[in-house]
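Work through the exercises below with the sequence and the coordinates open. Each task is followed by a solution in steps.

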Amino acid sequence: MKKIILILFFSILLCNCSRNNTQKENIRDEKVRDTILVYKDSTSAGSNKNTPSSELQNFQIAIEKPNSFSDTTRIKKENKKHADTISIDYLKHQKILNFLKLLPKQTMTSWEWTQEDRIKTVDFIEKNNFLVDSTKMFNNITYIKPNTLGIQVVDGFWTLSIYQLTSAKTLIITNDIVGDGKDINSFLFTENSFEKIEFNQLFGKGIKNLIKNQSEQCVLELEDNYFTFDYDFTDKNIVTFTSWGLEKDEHQNCFKGNVLEFELNTSEEKFELKSMFWKEN
C-alpha cells in the first residue's frame, strides 16, 4: 500500500513540474515571437536572406530586451512633435506678418484662411516667437524672410512677397500654386489700402520677351507653354520666371532662353528686364 502511495506522489510531482516548465516555455516563446515581429517590421525595408552577424547580435539583444523597441519609438515620436515647432523672430518679420493679417480674401482662392484666424496666428507669433504646427501638409510655414514667406497647403503651395518702393508704398505679390495652375495677385499698398494691379503691368512684355522668331508657330508654342513657367518671388529685388517646358535643343529657333530675370525699379514702380538665358531642366 505504501508503495502505491509513493508512486502516486511522485507521479503528481512530475506532472506539476512538467506543467510549470511548459508554462514557462510558452511565456518565453510568446516574448520571442513578439520580438521577432517587431524586429521584422524594423528591418523589412532593407531585409536580406543572408543576415549579417551584426544583425544577429542585435537580434539576440532584442530578445533579451524586448521593450527597447517601444522606448525607441516613443523617443522618435517626441522628437517629431518637437520638430513641428517653427521658430519665427517676430520683430525681424513683423512687416510681412502684418501684411499677412491684412490681405484680401481673393489672394487665397484655392483654400480658406480667414482674416480672423490669420490675426490669431500672427498674435501668437508676436507673443511667443514660434508657431506650433502639428499637421505637416496643411498651413505649414516652409520658409519666412523679411520680404517673403511660403506656406505648404495640402498638395499646393502659397507665397506672399513684398517689395518696398518708398516708405509709404509697397508692392505685394501673392502666388497660389495648385496642380492645375497658378493664381497670382498683385497690389499696391498705400495708406492702409490695397489697390489691385495687373500682373503683366508690372513686368511689361513679360514672358513674350523670350520670342526670337515672331512666326505664328512660335507665338502659339509660347502660349502653349505659359503653364510651364514657375515664378520665384523670394528675392527682395529680383523676380525670376523659369520654364520647365522649353528646352534649348528643341526651341532655340523660336526663343532666346527659358529663364527671364526682372529687377525692381522703385522709381517706376515696376520690374524691368535684366537678363534672359537658357537653363538645363
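The exercises treat one helix and then the salt bridges of this predicted model.

**Exercise 1.** Compare the expected span of helix α5 with the distance between its end C-alpha atoms.

Solution. Helix α5 covers residues 115–128, which is 14 residues. The expected span is 1.5 Å times one less than the number of residues. For α5 this gives 20 Å, and the end C-alpha atoms are 20 Å apart, so the two values agree. Just after α5, N129 has a positive phi of about 60 degrees.

**Exercise 2.** Determine which residues of α5 are buried, which are exposed, and what the buried ones pack against.

Solution. Step one: apply the cut-offs, under 20% relative accessible area for buried and over 50% for exposed. Step two: R118, T121, V122 and I125 come out as buried. These residues cover an arc of only 90 degrees around the axis, and therefore lie on the same side of α5. The spacing fits a general rule: an α-helix has 3.6 residues a turn, so residues three or four places apart point the same way. Step three: E116, K120 and K127 are exposed on the other side of α5. Step four: the packing partners of the buried residues are α4 (94–102) and β2 (130–132).

**Exercise 3.** Find the salt bridge formed by the side chains of K120 and E116, and place the pair in α5.

Solution. The criterion is a side-chain nitrogen of Lys or Arg within 4 Å of a carboxyl oxygen of Asp or Glu. The N to O distance for K120 and E116 is 3.6 Å, and the pair forms a salt bridge. The two residues are four apart in helix α5, which means a separation of about one helical turn. With a relative accessible area of 54%, E116 is exposed.

**Exercise 4.** The model has three salt bridges. Describe the pairs K169 with E269 and K182 with D230.

Solution. Step one: the closest N and O atoms of K169 and E269 are 2.9 Å apart. This pair links distant parts of the chain, 100 residues apart: K169 is in strand β6 (residues 169–178), and E269 is in the loop between β11 (259–265) and β12 (270–277). K169 is partly exposed at 29% relative accessible area, and E269 is partly exposed at 26%.

Step two: the side chains of K182 and D230 meet at 3.6 Å, N to O. K182 belongs to strand β7 (residues 181–190) and D230 to strand β9 (residues 229–232), so the bridge ties together parts 48 residues apart in sequence. K182 is partly exposed at 30% relative accessibility, as is D230 at 38%.

How values were computed:
Residues numbered from 1 in each chain as written. Predicted model: local features only at pLDDT ≥ 70, side-chain atom pairs only at ≥ 80, totals over all residues. Heavy atoms only, no water. Buried < 20%, exposed > 50% of the residue type's maximum accessible area, 1.4 Å probe, protein only. Arc of directions from axis to C-beta. Contact = heavy atoms within 4.5 Å.
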